[in-house]
Amino acid sequence: MSYEFNSADSLLNDFPNPYRFQNIFLFVTAAVTMTGAIAVILSAKALFQEHNDKLAAVTLSLAMLLGGVSMKTLIKALGQVRFWLGRRCPLGLCAELPVKACGVGAGTEDLLDTMRHRALDFPEPKGALNGVLYSLVKDLITSPTPIQAAAVLHFHSILQMAALLVSLIVSFFVFSGTAHEGVASWLYLPASGLSLLSPFLQQSRLSMDAAPDAQAQASTANGAFWKLLGLVTFSIMAPVVIPRVLPALSVPPLWIAPALLLTGSLVASIIFFCALIARLDRASHTDVSCEQTTIAMNCAPAQLWTAISRDFQASWERSIPNRAYANIPPDVSEGERGSFGGYIVEETQPVPTSTTQYSTWGEALQVTSARLLLALDAWGVVCAASASIIGAYYASEFASMERMEISRVLLVVIALCMVVVLSHKTGHLLWSRMQFKSRLLWIETSGTFQTSQIAIGNQFKGHTQSSSTLTRIEDATLRVWVADIVSVVFGKDGHRSIIAMASADGVAKSIADRLKAFAADQSSVATPTSARDLERAQSIGVLDAAVRSATAAAQVEEAQRAALRSQPATAQHLAGSSTRKAGKVKFFNVEKAFGFIRDRDGNDFFFNANYVKGEAAMTGAEVEFEAAQSSRGPIAKNVHVVGATV
């Protein structure tokens, strides 16, 4: 996505960086872990100098682990150290149309249903654990989709990690000092690692950018429920099953690594979950203005789109064009009478609000959700410091340590590094929250039309006359829908969610009144009701008087010429007003029963199946026809096929 800059957009150009507080913790984490990595590298260097290559390689892998965490957090911080919010941000509520394009963007129908029903649509929670979650946090059901998905994932994760931690503690007391203690303790290492990764593995099933699939949501929730039941069963049956199934291997116990991993990740998930609940975006208002009226106009209804375009341009926010979601102009080209319908949907440029921006640390610490997010990132820094200290201290002692003790150190550092990544990654979602306000405009019209020829001027003794084709609209329905909406987005390129809709009755009524006045003022002398009609009728009268006086002297000469032309005119009248021609069928649509004939002079004539006499006139057939003139152009009547289709 490109960045559009305008020097007058001070609100967008100077928008505060929502990640500025998290960046500080990311830089501290990067510095701490890099310091630990350098210290471990120095220990590896010493081991290489002592020709202890195997231990040096293990030590170097530990340094690479700390250095990898440092580089990951540093890249993340540098990538968001500068924040741009251009005119194209945030994304539209649905797919946008190109400039002057006609059509309906993907997702627009759902948006129109939201306005029509004056209600926001949220997925219904499915699954046993989700039923517990949504009953405990009642406002969660009306929160944006990313918030609901994150709450579900971390609620499941908290329950699983808590149950696994309790199971680990019980197993520790049961197997402590027994021959199977080592085997039992090592079983919890992969189990705790999978428990930590489960929120990230499930994100593909519960998308944070769209409404979660009900079946996937229920499957995930029920799966977590069965996992809890399995952990409880394992805690009860493990003292009996493990001694009978697994051999008593001489393996040193490893309780500290899974315990640290579970405890650290559990604390991070609990802090994040509390911050999320403290900053729920509740759908408080769901009202929409709708002004309905009738209009009558003496022109094609698509001409109303000209006035709508000018009206919409007047609503541009900070001179930024609206987002167009649908544009279906009414079409009256199918015949001389019938029905029509059309609608247009646009949204003004979303403007960021300042409800969640904290300019100082003091302001951030006064808000509960911000305090918890700061605590979450601080917890990540604490775990990073712990991993660096443990790694740097024990790396210098590897030469005097047993192999299993070195393995314990590596696993403990890995567990702490995983908690560091989890803490900063989960907090990023809430730091990226931005709130916008905008206005949705939806105008629709429908009705019937009739097209006819009208003559303007004195039909009896006037000399200045005019004729035109009139499209008359009577009692067409015009609806104007307007809603002031508040939406949230998590990341400037994320999916926007509407959290509130407010009515704007005055705006809807003023737009409807202007369009109704525009329709009534359209020019037609057939019923001179508008000021423009009266002006044109008066001009025609003045011109008629001038032409009458100027042509009085030519009337005698015209009469003489008419007498001379009387005989050929009479013959022509007897022969008929139409002319018999020969041609070939250029195109014929069998389904719609119409086509075009091209005569030998290269002129095209419209015809339908009703005009054909005898054999059907298909594409390429040689035909004869009578050329006539209609209100819509040249037509062919009494069509006869005279030659086979080529």
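These are legends for a set of close-up views of one predicted model.

**View 1. The whole chain, before zooming in.**
This predicted chain has 646 residues, and 44% of them are buried. Its secondary structure comes to 17 helices and 13 strands. Take the contacts between residues at least 6 apart in sequence: 76% of those join residues at least 24 apart. As for the outside, the accessible surface is about 32,200 Å², with 59% of that belonging to carbon and sulfur atoms.

**View 2. How the confidence runs, and where it drops.**
Mean pLDDT for the chain is 79, with 78% of residues at 70 or more. Two stretches are worth picking out. Over residues 200-212 pLDDT stays under 50, and the model has 32 contacts there beyond four places in sequence. Residues 563-578 also stay under 50, and for that stretch the model has 3 such contacts.

**View 3. The largest nonpolar core.**
Which residues have the most contacts inside the largest nonpolar core? They are Leu133, Leu140, Ile147, Phe272, Leu276 and Leu430, in a core of 54 residues. Helix 6 (residues 145-175) supplies the largest share of this core, with 11 residues. Apart from this core lies another one, of 28 residues, and Leu66, Val69, Met401 and Ile406 are among its members. As background, nonpolar side chains in soluble globular proteins tend to be buried together.

**View 4. Leu430 and its partners.**
Zoom in on Leu430, one of the residues with the most contacts inside the largest nonpolar core. Setting aside neighbours within four places in sequence, Leu430 is in contact with Ile147, Phe272, Ala275, Leu276, Leu373 and Phe490. Ile147, Phe272 and Leu276 also turn up among the residues with the most contacts inside that core.

**View 5. The buried side of helix 5.**
Helix 5 covers residues 128-136, and its Leu129, Asn130, Leu133 and Tyr134 are buried. Why do they sit on the same side of helix 5? Because they cover an arc of only 125° around the axis. Leu133 is a name to look for here, since it's also listed with the best-connected residues of the largest nonpolar core, those with the most contacts inside it.

**View 6. Ser143, in the loop after helix 5.**
Ser143 lies in the loop between helix 5 and helix 6. Is Ser143 buried or exposed? At 0% relative accessibility, Ser143 counts as buried. Not counting residues up to four places away in sequence, Ser143 touches Phe122, Gln148, Leu280 and Asp281.

**View 7. Arg116 in helix 4.**
Arg116 belongs to helix 4 (residues 108-117) and is partly exposed, at a relative accessible area of 37%. Its side chain makes a polar contact with the side chain of Asp113, at 2.6 Å. Beyond four places in sequence, Arg116 is in contact with Trp442 and Trp481. For a sense of the fold, try Val288: 172 residues from Arg116 in sequence, but 8.1 Å away in space, C-alpha to C-alpha.

**View 8. Arg118 and Ala119, in the loop between helix 4 and helix 5.**
Arg118 sits in this loop and is partly exposed, at 31% relative accessibility. If you're checking backbone torsions, phi of Arg118 is near 55°, a positive value in a residue other than glycine. Ala119 is in the loop between helix 4 and helix 5 too, and counts as partly exposed at 35%. Which residues does Ala119 touch, leaving out those up to four places away in sequence? They are Thr114 and Met501. Met501 is 382 residues from Ala119 along the chain, with 8.8 Å between their C-alpha atoms.

**View 9. Lys100, another positive phi.**
Lys100 is placed in the loop between helix 3 (53-79) and strand 1 (103-104). Its phi is near 65°, a positive value in a residue other than glycine. Lys100 is exposed, with a relative accessible area of 81%.

**View 10. Phe594 in strand 10.**
Phe594 is in strand 10 (residues 594-599) and counts as partly exposed, at 23% relative accessibility. Leaving aside neighbours within four places in sequence, its contacts are Phe587, Phe588, Asn589, Phe606, Phe607 and Asn608. Tyr611 is 17 residues from Phe594 along the chain, and their C-alpha atoms are separated by 9.5 Å.

Technical notes:
Residues numbered from 1 in each chain as written. Predicted model: local features only at pLDDT ≥ 70, side-chain atom pairs only at ≥ 80, totals over all residues. Heavy atoms only, no water. Buried < 20%, exposed > 50% of the residue type's maximum accessible area, 1.4 Å probe, protein only. Helix = DSSP H or I, 4+ residues; strand = E, 2+ residues; numbered from the N terminus. Arc of directions from axis to C-beta. Contact = heavy atoms within 4.5 Å. Areas by Shrake-Rupley, 256 points an atom, 1.4 Å probe, with all protein chains shown as cover. Polar contact = N/O pair within 3.5 Å; in protein donor to acceptor, adjacent residues only side chain to side chain. Core = buried A, V, L, I, M, F, W, Y, C linked by side-chain atoms within 4.5 Å. pLDDT = per-residue confidence, 0-100.
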